[in-house]
Amino acid sequence: MSRPALEQRLVRALADQRLVLLCAPGGCGKTALLVRALDQLPAGHGVAWVTLDDGDDLDRLLQCLWHALEPFDLPWRISPEGLSAMAASREPQQQREATDALVNTLEACEFEHGVIALDDLHHVDDPESLAFLDRLLSRLGKRWTLAIATRHEPALRLARLRAAGLLTELRTADLQFSRDEALAMLVPAGLDAATAEALHRRTQGWPAGLRLALGGAGGARPGGAIDRQAFDFLTSEVLEHLEPGLREFLLQTSVLHELDAARCEALTGDARAWARLDVLERLDLFVTVVDEHPRTLKLHDLFRDALQHRMKVERHREFIALLARAADIETDLVRSQSLLLAAGCPEEAAARLRERSLRLLFEGGVRTVVRLVEQFPPDFARGNADLQDVAGYAKWRLWRNAEAARHLETAERLHRERGDERSARLAALRRAAMLAGIGRPAAARETLQQIGEPGPDEVEARINVRLCHLWIALEEGAFRRVAPCLDALLGEIEQAQQPEHWAVMVPSPRLTACPGVGPMLLRWADAASLAEAESPLLLSALAPMTRGWRALWAGRLDEAEQGLRRSETDERWVGHPPIVHSHRLAFTAVVHMALGRHAPALEAARAHGYEFPASYGGRGPSYSLNLMGRVAMACGDVALLRDALARLDQAEALIPEATPLRLQPVLGLRGHLALLEGRASEAAALWQQALQHEEACDLYGLAHELRTRLALQRLRERAPADAAAWLRPMLEQAADGPRGALFALPALRELADAAWGGRLDDAAQATLRAWAAGPAPSEGTGGEPPARGSQRLDDTLSARETEVVALMARGMSNKLIARELKLSPHTVKRHVAHVLDKLDLASRSQAAAWYHTRLR
């Protein structure tokens, strides 16, 4: 029924207010009124509609919001998935940055005014969601309105908006039908005026009560106002007026969150499900259309609750069976788990979560996985092997390693107690891989010896065995074993043919500097780039950076610098996750150092050393401090080098499996400090002591650096034969490039200019000169494929980016561009962000104008 005065009031508010709040009990017509008002907005207005469900948290709210905003092709500068991660961060600064980035993106939209409508906000009660909405409301510009429909007063700071005149509120009194409206609705439907007036008094103008009365309950319950109990009664009356088949269909499908023909038929076995839904829509019986493809309806919460209540009371066992069956056909893991828990099937819910969590983690849903685990009763969770497994693996991804280790140890014990040796083996191997990665290789090796080799069909277990061997080699300083271990790991992942397994390992900065790993780095990066289309986070930033590390250690500094520029925008695009941020700081420090830019190199090295996440545990901080010391030496910052050594002493004291060989790289740093302090002889002695175990000291290619420095020292002492002897072993490994010798690039250049008098052969001297020269020819990077016949309009843009901006200028949406270029929509969004960043533009229309200007 049309309510012109109320609708026009709402239309005006939606066009110029910051917040429109419809707050009233269920059945007051909030959703219907909001839909009608939004339909009346003038041309040039966009609407993003989000319907929230029970238990939705910040991550789910944002996922729904990004989906609702998708048709508008907003010019994202941080990916929506990255914004979700930042908004859910524990860091207030990241939370604020996420809100600011979203507001800036919304302001760059292509239409006059937009409305974000959040329906049923009362389902969301977690503080993080409400805090996000508060931050959004405090920053939202004039071009956007937030509309909220809720049964309860939301815990938002509304007083400030009221005082500023930026809030319009419609509450119960505003939404109740007046006497005249009730008569206008009921009399044409066949009720006489007296009965209509009586119903208006009894319902107190409550729209749901009036609608039910119109459906057939008219006046059946004598006396008193309509309340929830009366609503249940009236629902029963309405059901009795329905055709029996439709009534049964409604009762059975009330367990579903949303109704489409395929889902309803799968649940009920009713081949006429599509016809039933068509009748429900024509009856307008408390249903809302929420999607067109396929046609999908949603029952009003009050009506759905009343139907479910009837099933629980009258047909309880059948109701439980329907919940379980609905969970089987539900593709959404969050909803599926909710249905299983409601059906009293926590064991099955836990097993399903474990089965599907690896994919969800790969897609960036690590916080969702942790929240799903937390929905189980604590006592049950502590005693359930599947949940302990999932919690451990998820927290490992969050670098909460101490917690992860406890969960995985418990999971192994619980799996074994129930006789599931295969799952116990996998939990143990996950824990072993994690322990190896945080500085406990002996514990990892002991686990491997106890477990033995998994069977050929235990894909993930075999991958974790290879991962253990890789991390053990790295942690024990067996750097020459790293390349064959990495090759074996990549072989297992390639054989598995599942994209999610590529995220099990990302090459750390110290791994990229190991001898012989170059081809494997490119192999990983190429495969990760292919998987990127399915996982828009992490891999899309880490794969190009890995190529950049490869170029750097090979001495191709121009290519490394290009990688550095991209790494900054890539990190922002994925929302600054800790692992990407840490790797980028290390990469930034070494690239700037190699290019002679001491100030930015020292700034990045200092940040990398000081900001390494404490939750990682083990030796992780010591590696970042070691790199900080190396950069400090290369840039001549004696104070920072002293600080790095002092902090390393503190860190090494906490390592549970400290061994003398692990201190070999520190000996090299002590030699660096001696040189900077004017003790050259002591420096040489310490460097030679470190090289007595050359493989163990070769962290970040330190062995090459020490050989370079010792060679220069002996050359200056007029002992060219000794100098050549120091250089010869590393020059014989020319295929790897200069590697750690880049930390002594001035020394390398002085050595390249020296006259060797035959003490180095021609090939060795040519290698030395090539390394010292800096930029070298680029090798294939496995990057984007060549665009089809596109012309570069600007050297700033790549060929693919030029092609994308050309299609934008033709008015194509991201979806159409993706179809035209055979790319994923995520990849298109990333290209659009690159274009806007490189050209310093704010919107798609500006990019189109830039393109047309260049064509003239």
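**Exercise 1. Find which helix has the lowest confidence and which has the highest.**

Solution. In the chain, helix H12 (residues 228-240) has the lowest confidence, with a mean pLDDT of 66, and helix H39 (residues 702-716) has the highest, at 97. Here pLDDT is the predictor's confidence in each residue, from 0 to 100, and helices are DSSP runs of H or I with at least four residues, strands runs of E with at least two, numbered from the N terminus. Next, look at residues 217-226, where the pLDDT is below 50; this stretch has 22 contacts in the model beyond near neighbours in sequence, a contact being heavy atoms within 4.5 Å. Residues 775-792 also have a pLDDT below 50, with 38 such contacts. Where pLDDT is low, the predicted coordinates should not be read in detail. Finally, take the whole chain: the average is 88, and 93% of the residues score at least 70.

A note before going on: this is a predicted model, in which local features need pLDDT of at least 70 and side-chain atom pairs count only at pLDDT 80 or more, while totals for chains, interfaces and linings use all residues. Residues are numbered from 1 along each chain as its sequence is written, and side-chain values use heavy atoms, leaving out hydrogens and water.

**Exercise 2. Compare the end-to-end distance of helix H5 with its expected span.**

Solution. Start with the rule: the expected span is 1.5 Å times one less than the number of residues. For the 16 residues of H5 (residues 92-107) this gives 22 Å, and the end C-alpha atoms are 23 Å apart, so the two agree. Then ask what is buried (under 20% relative accessible area with a 1.4 Å probe, protein chains only; exposed is over 50%, partly exposed in between). The buried residues of H5 include Gln94, Gln95, Leu102 and Leu106. Their packing partners are H3, H4, strand S3 (113-119), helix H6 (127-139) and strand S4 (144-150).

**Exercise 3. Describe the largest nonpolar core.**

Solution. Such a core is a set of buried Ala, Val, Leu, Ile, Met, Phe, Trp, Tyr and Cys residues joined through side-chain atoms within 4.5 Å. The largest one has 255 residues, and Leu69 and Trp756 are among those with the most contacts inside it. Helix H26 (residues 459-475) gives the most to this core, with ten residues. Zoom in on leucine 69: not counting residues up to four places away in sequence, its contacts are Ala48, Leu74, Trp76, Leu106 and Trp144. A second, separate core of 21 residues includes Met812 and Val828.

**Exercise 4. Classify the ring pair of tyrosine 393 and tryptophan 396.**

Solution. Rings of Phe, Tyr and Trp (its six-membered ring) pair if their centres lie within 6.5 Å; planes under 30 degrees apart are stacked, over 60 edge-to-face, and the rest tilted. The structure holds eight aromatic pairs. In this one the centres are 5.7 Å apart and the planes stand at 65 degrees, so the pair is edge-to-face. Both residues lie in helix H22 (residues 385-397), three residues apart, about one turn of the helix. Tyrosine 393 is buried at 4%, and tryptophan 396 is buried at 15%.

**Exercise 5. Locate aspartate 73 and histidine 576, and state how accessible each one is.**

Solution. Aspartate 73 has a positive phi of about 50 degrees although it is not a glycine. Its place is the loop between helix H3 (58-69) and helix H4 (80-87), and its 10% relative accessibility counts as buried. Histidine 576, also not a glycine, has a positive phi of about 55 degrees. Histidine 576 lies between helix H31 (557-573) and helix H32 (578-594), and at 24% it counts as partly exposed.
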